[in-house]
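Work through the exercises below with the model open. Try each task before you read its solution.

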Amino acid sequence: MAALFRPEVCEAVQRDLLENKENGRSFSSLVSWLRTPPFFTIVRVNTHLYSRSEVKGRLQDVINRQYEERTFFAGTSQAPPAVEEHATINDILIVSCIGPKSDLPVHKMELIVDGACGISALRGADVFAPGVMAAPAYLKHGDEVSVFADVKGTCRKGLTKPFDGEKFFLGNGVALISRHDLFRPTDQGRDNPKPVTGVAVRMTAPLYDTPSFNGVLPDAIFLQNLPSVVCVHELNPRPGEHVLDMCAAPGGKTTHIAALMNDDGVVIALDKSKSKVAKIEANAQRLRLGCIRAYVCDARKSLADSTTAEKTSSPPPFPGSSFDRILLDAPCSALGQRPQLYNTVRLSELNSFPSLQRQLFSVAVRLLKVGGTLVYSTCTIMRAENECQVEWALDSFPNLQLVAQDLQAGGREGVGMRKDWCNLVQRFGITKSADCDHDTIGFFIAKFTKKE
């Protein structure tokens, strides 16, 4: 089995598994699980504007048309997947996928894409031109191609020879852009050439067959992993409240918070990257949510030195006890994300996250009102970033109380803590269960309230 992590990170992950036998899985089974996408796509409905039943019918129509188009390109027919409603979470829809397909042929013409494009293709996307790294010199519009991902990022852009690096088969499709046009700037000006955009390959026979959601019902749906939806429901924001999303990009949880508040109140979204804040604002605009205020700010610096600072309707920093609810979806090692082809995190990075998370958590506690709710979450499987942080928080802040979660949708109890604390957190991870609540990404959720 090809390596998923750097050797020193492999050792750290294996050590985490061995020290916490409650995880109950071998390292090889963990790697296999991380390499495969969840078999369900979770679609959150923007209930601020639309009902779930209305969006369900519209989405099914779009998927049906997609599969009719696939039949035209591929020459073979396949029934489209059904859009289903989640049994207990009233703002999400579920679309299942089929795969992996073991009978797909490998065509003579091979197209290589970068890792990010490959991961998107594994979850239903077509191949877009910016992600293409290499294509045969004679590739033309309409050719059938086999698409591979460059696992370790070693393919040179524009390569014409066969790629001999580590690659991962993604499926087959039809080229919509020729080789000549793929690697030719659309603007021939020397000073500011523009890259080619648009769909380069229509995936007609992907390894994992799931619909493409690119540009589909833009003001009505938002794709999220199920635990990301769960953690906002645990936050339980109410209309009229002041809510802080400390590390908000790209805005999926931020917009969910605003939708649950019926766009009534103030939602502050922070990120230290200007480009990422622009994405939050774009998503808020797309979903027609007006109560979101997004700021470029390192959340560690969002607490004012003085209580004379402006209120939450103004830019940060904010005075203490400003927010009714705070979501800290903390920066993490992301070792629970699926699928992963090759994780480039270094051991030094892996070891740096707990300190950063504690700095952010300390600020969150001071910004939270007495009686307020703080939800801490990560998308990693590492105990040092999850249960260890809960133990540290409860030891460091006597005015915090770990509380039970209302929505138990697939998460298991925590590991390596006191039993009563383990029962109060949710850990999503590798499991033998095949339903949509359990076949998801690795994730962790802890919920606190602030006492006097």
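A nonpolar core is a set of buried Ala, Val, Leu, Ile, Met, Phe, Trp, Tyr and Cys residues joined through side-chain atoms within 4.5 Å. Buried means under 20% relative accessible area, exposed over 50%, and partly exposed in between (1.4 Å probe, protein chains only). This is a predicted model: local features need pLDDT of at least 70, side-chain atom pairs count only at pLDDT 80 or more, and totals for chains, interfaces and linings use all residues. Residues are numbered from 1 along each chain as its sequence is written, and side-chain values use heavy atoms, with hydrogens and water left out.

**Exercise 1. Find the largest nonpolar core and its best-connected residues.**

Step 1. The largest nonpolar core has 39 residues.

Step 2. Met246, Phe361 and Phe448 have the most contacts inside it.

Step 3. Now see which elements contribute. Helices (H or I, at least four residues) and strands (E, at least two) are DSSP runs, numbered from the N terminus. Among those that each supply at least two residues of this core are β12 (266-271), β14 (323-329), α9 (347-367) and β18 (443-450).

Step 4. The largest share, six residues, comes from α9.

Step 5. Look around Met246. Contact means heavy atoms within 4.5 Å. Leaving aside neighbours within four places in sequence, Met246 is in contact with residues including Leu270, Ala299, Ile326, Leu360 and Val363.

Step 6. A second, separate core has 38 residues, among them Ile94, Leu226, Ala294 and Cys436.

**Exercise 2. Describe the chain as a whole.**

Step 1. Count the elements: the chain has eleven helices and 18 strands.

Step 2. Check the radius of gyration, taken over C-alpha atoms; the globule rule is 2.2 Å times the number of residues to the power 0.38. With 452 residues, a compact globule would have a value near 22 Å, and the chain has 23 Å, so the two agree.

Step 3. Take the extents. The C-alpha trace spans about 70 × 50 × 50 Å along its principal axes.

Step 4. Turn to burial: 56% of the 452 residues are buried.

Step 5. Consider contacts between residues at least 6 apart in sequence. Of these, 74% join residues at least 24 apart.

**Exercise 3. In what order do the strands of the four-stranded open sheet run?**

Step 1. Two strands pair if DSSP finds at least two bridges between them.

Step 2. The order is β2-β3-β1-β10, with antiparallel pairing.

Step 3. β2 (83-85) and β10 (221-223) are the edge strands, and each pairs on one side only.

Step 4. Zoom in on β1 (residues 40-45). Three bridges join β1 to β10. Val43 has Leu223 of β10 as its bridge partner.

**Exercise 4. Which peptide bond before Pro250 is cis?**

Step 1. It is the bond from Ala249 to Pro250, with omega near 5 degrees. Pro250 lies in the loop between β11 (242-245) and α7 (252-260).

Step 2. Another cis peptide bond joins Pro316 and Pro317, with omega about 10 degrees. Pro317 lies in the loop between β13 (292-296) and β14.

**Exercise 5. Are Ser321 and Ala334 buried or partly exposed?**

Step 1. Ser321 is not a glycine, yet its phi is positive, near 55 degrees. Ser321 sits in the loop between β13 and β14. Its relative accessible area is 39%, so Ser321 is partly exposed.

Step 2. Ala334 also has a positive phi, about 55 degrees, without being a glycine. Ala334 lies in the loop between β14 and α9. With a relative accessible area of 23%, Ala334 is partly exposed.
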